[in-house]
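Work through the exercises below with the sequence and structure open. Each task is followed by a solution in steps.

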Amino acid sequence: MEIVFATHNQHKTEEVRAILGADYRILNLPELGCPDIPETADTLKGNALQKAQYVADHYGRNCFADDTGLEVLALDGRPGVYSARYAGEGCSYQDNVLKLLGEMQGAADRRACFKTVVALILNGKTYFFEGRVDGIILPEQRGTDGFGYDPVFLPDGYDQTFAEMSPATKNSISHRGRAIQQLAAFLMDCGK
Ligand code: IMP
């Protein structure tokens with residue numbers, strides 16, 4: 001089955017390809033020749049739907065899109081839906097991590113979670129899937145793999161950050177991994 005994943009992010013594309021396996025041909029936005037899609041909603045669900053809807057409307061393809069936020073308890077849930085541009089428009093992953101570490105300096109409660117919402121538009125119908133992983137924000141960065149806030153996120157029950165663990169281990173427990181596993185189970189059910 002061929003399906004579009006509405007992202008320009010190669011890391012995320014590879015993660016999702018690894019989870020969905022060889023039964024699915026995943027095309028991302030550069031492969032489709034699609035420009036950046038605006039994300040103007042103020043919820044993860046709204047942004048995920050906006051991206052999937054854009055591809056369905058403009059390309060008439062079955063499509064899914066995801067949106068992720070890191071919610072930090074001591075920061076009242078920030079950066080949340082604004083995780084990508086926490087340190088400002090056009091900022092790098094490293095800018096965001098450094099801003100987070102600055103805001104968390106001296107914080108005793110370091111609990112946080114990643115949440116992902118996936119919106120799927122399949123044959124004109126819309127479905128949503130959600131994944132979540134809980135953990136803590138470390139006071140310093142550890143590891144070089146992954147992307148985004150991975151070097152400071154230590155998932156509960158593990159002694160490696162997302163940037164230290166293998167991609168397979170991260171995928172098996174991560175917010176996006178869990179949401180995509182639900183998507184995969186749903187697609188498999190549809191194909192029966
Ligand atoms: P997006 O909605 O997947 O683009 O995620 C928004 C932002 O959250 C990204 O720009 C990253 O900073 C962060 N993020 C998303 N997924 C991950 C992850 O798996 N690890 C670390 N940071 C992530």
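The exercises concern the pockets of this predicted model.

**Exercise 1.** State the volume of the largest pocket and find the residues closest to its centre.

Solution. Start with the space itself: the volume of the largest pocket is about 790 Å³. Next, take the lining, which counts 31 residues; Asn9, Lys12, Glu39, Ala84 and Tyr93 are the closest to the centre. Then assign the lining to elements: helix 3 (44-59), strand 3 (63-72), helix 4 (93-103) and helix 6 (175-190) each give two or more residues. Strand 3 supplies the largest share, with four residues.

**Exercise 2.** Sort the lining of the largest pocket by residue class.

Solution. Count the nonpolar residues, which come to eleven. The polar residues are also eleven, and the charged ones are nine.

**Exercise 3.** Describe the second largest pocket in the same order: volume, central residues, elements, classes.

Solution. The second largest pocket holds about 170 Å³ of space. Its lining has 13 residues, and those nearest the centre are His11, Glu15, Gly146, Pro167 and Lys170. Two or more lining residues come from each of helix 1 (10-20) and helix 5 (167-173). Helix 1 gives the largest share, four residues. By class, this lining splits into five nonpolar, four polar and four charged residues.

**Exercise 4.** Which element gives the largest share of the lining in each pocket?

Solution. For the largest pocket the element is strand 3. For the second largest pocket the element is helix 1.

Definitions and conventions: Residues numbered from 1 in each chain as written. Predicted model: local features only at pLDDT ≥ 70, side-chain atom pairs only at ≥ 80, totals over all residues. Heavy atoms only, no water. 1 Å grid on protein atoms, 1.4 Å probe; cavity = no way out; pocket = protein on both sides within 12 Å on 5 of 7 lines; lining within 4 Å. Points joined across faces, edges and corners; volume = space filled by probe spheres on them. Nonpolar A, V, L, I, M, F, W, Y, C, P; charged D, E, K, R; others polar.
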